[in-house]
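The report below describes how the strands and helices of one protein chain are arranged. Please keep the sequence and the structure at hand while reading.

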Amino acid sequence: MPELPEVESTVRYLKERVEGLSIERAVILWHRTIALNRGKSFSQQVAGATITEVFRRGKLVGMRLAGASDQFLFTHLRMSGSLDVLPSSFDVAPHDRVIIFLSNGKSIRFNDTRKFGRMYLTPSPDEVVRSLGVEPLSAEFTPELLQRLLAGRKRAIKPALLDQSLIAGLGNIYVDESLWRSGIHPLSPCSSLPEDAWRSLRRSIQEILSEAVSLLGTDFGDGVVDGGMYRPSVYGRTGERCPRCSGEISRIVVGQRGTHLCLSCQPKPRKARHRVKLTRGAKAPSQKRRKR
Ligand SMILES: [Zn+2]
């Protein structure tokens, strides 16, 4: 699933190819992709508009459309969505959901195998992005802010970092990577983290996201981000060696999300209980549970 770095790659790709062009027409091939659209039909509203800016907010691709009335088109790629720019003469591909024809003979294809992706067309961007939290690569994202947002919470650190209303753009991959780099166990209650952990965590989040953005994100071979060169250190590497201590990388489940970590670099908090999925050669952790 695309996260901030993969969405940023998509935004940069689109910026070079569509900014300044006008839209001739749009064809909707799967109606449920259009999740928000006020007034006239989607196609009628975007036809004739100029794409003046492509930008990112959290995991959303945004386009500013200037026309008879100014609009914003946001796309959430969700699990399998991708936005490509192809010659308009190319055939419709099997999972194309929306095609936006441009003035230069090319078209934006929103292809989405699993159909979870959504497009939102609105005159007021707040309607779509209001609930999103701070951008983790912005100057605003300081250790103090991170601590202020999370330190008072009893919940585990991983689900708190995944909460888009607190920090926008992080997902499963980059949260696992950031917690590993900071040596924090994903089940550590936010309220249990020492003062210096916030500084280290903020630095890890920014370093990892910046590295991943410069490498065009991670390529999972699903066509969402072709050629992403970021190679995770722990995510998806169950049973492999930790690049820092050579311990074995484990997989646990936190809030129903597969979570990858090194138990020597990220010691388990004393009270945390979790299910550990054992892999080949993995040592069984203590299964003892406290009786209630
Ligand atoms: Zn380690």
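What follows covers the two sheets, the helix packing and a few individual residues of this predicted model.

**The five-stranded sheet**

An open sheet with mixed pairing is built from 5 strands, in the order β2-β9-β5-β4-β3. Its edges are β2 (34-37) and β3 (50-57), each of which pairs on one side only. From one strand to the next, the twist averages 15 degrees. Within this sheet, β5 (residues 71-76) and β9 (residues 118-122) are antiparallel and share 5 bridges. One position in that pairing is Leu73, whose bridge partner in β9 is Leu121. Helix α1 (residues 4-18) lies across β3 and β4 (60-66), and runs at about 165 degrees to β3.

**The four-stranded sheet**

A further open sheet has 4 strands in the order β1-β7-β8-β6, with antiparallel pairing. Strands β1 and β6 (81-87) form the edges, each pairing on one side only. Here the twist averages 15 degrees from one strand to the next. Helix α1 packs on this sheet as well, where it touches β6, β7 and β8, and its direction makes about 25 degrees with that of β6.

Strand β7 (residues 96-102) pairs with β1 and with β8. Strand β1 (residues 23-28) runs antiparallel to β7 and is joined to it by 5 bridges. Across this pairing, Ile28 stands opposite Val98, and Val27 stands opposite Ile99. On the β8 side, β7 and β8 (residues 106-112) are again antiparallel, over 5 bridges, with Asp96 opposite Asn111. The two strands β7 and β8 form a hairpin with 3 residues between them, and Gly105 in the turn has a positive phi of about 85 degrees.

How many of the residues of β7 are buried? The count is 7 of the 7, so strand β7 is largely enclosed by the rest of the structure.

Arg25 belongs to the edge strand β1. Its relative accessibility is 45%, and therefore Arg25 counts as partly exposed. Apart from neighbours within four places in sequence, Arg25 is in contact with Ala47, Ile99, Ile100 and Phe101. Ser43 lies 18 residues from Arg25 in sequence, while their C-alpha atoms are 6.0 Å apart in space.

**Helix packing**

Helix α7 (residues 195-214) packs with α4 (residues 143-150) and also with α1. The geometry of the two contacts is set out here.

| Helix pair | Angle | Axis separation | Crossing |
|---|---|---|---|
| α4 and α7 | about 115 degrees | 8 Å | right-handed |
| α1 and α7 | about 35 degrees | 9 Å | right-handed |

In the contact of α4 with α7, Pro143, Glu144, Leu146, Gln147 and Leu150 of α4 meet Glu195, Trp198, Arg199, Leu201 and Arg202 of α7. These residues comprise 5 nonpolar, 1 polar and 4 charged. In the contact of α1 with α7, Leu4, Pro5, Glu8 and Arg12 of α1 meet Leu209, Ala212 and Val213 of α7. That set comprises 5 nonpolar, no polar and 2 charged residues.

Which residues of α4 are buried? They are Pro143, Leu145, Leu146 and Leu150. Viewed down the axis of α4, these buried residues fall within an arc of 165 degrees, so they line one face of the helix. The buried residues of α4 pack against α5 (157-162) and α7.

**Helix α6**

In helix α6 (residues 172-182), 10 of the 11 residues are buried, so the helix is largely enclosed by the rest of the structure. The buried residues are Asn172, Ile173, Tyr174, Val175, Asp176, Glu177, Ser178, Leu179, Trp180 and Ser182. Against which elements do the buried residues of α6 pack? Their partners are the helices α1, α5 and α7 and the strand β11 (257-262). Just after α6, Gly183 takes a positive phi of about 70 degrees.

**Recurring elements**

Some elements appear in several of these contacts. Helix α1 lies across β3 and β4 of the five-stranded sheet, touches β6, β7 and β8 of the four-stranded sheet, and packs with α7. Helix α7 is in turn packed against by buried residues of α4 and of α6.

Conventions:
Residues numbered from 1 in each chain as written. Predicted model: local features only at pLDDT ≥ 70, side-chain atom pairs only at ≥ 80, totals over all residues. Heavy atoms only, no water. Pairing = 2+ DSSP bridges. Axes fitted to C-alpha atoms, helices over the stretch in contact; angles between N-to-C directions. Contact = heavy atoms within 4.5 Å. Left-handed = near helix turned anticlockwise from the far one by under 90°. Nonpolar A, V, L, I, M, F, W, Y, C, P; charged D, E, K, R; others polar. Buried < 20%, exposed > 50% of the residue type's maximum accessible area, 1.4 Å probe, protein only. Arc of directions from axis to C-beta.
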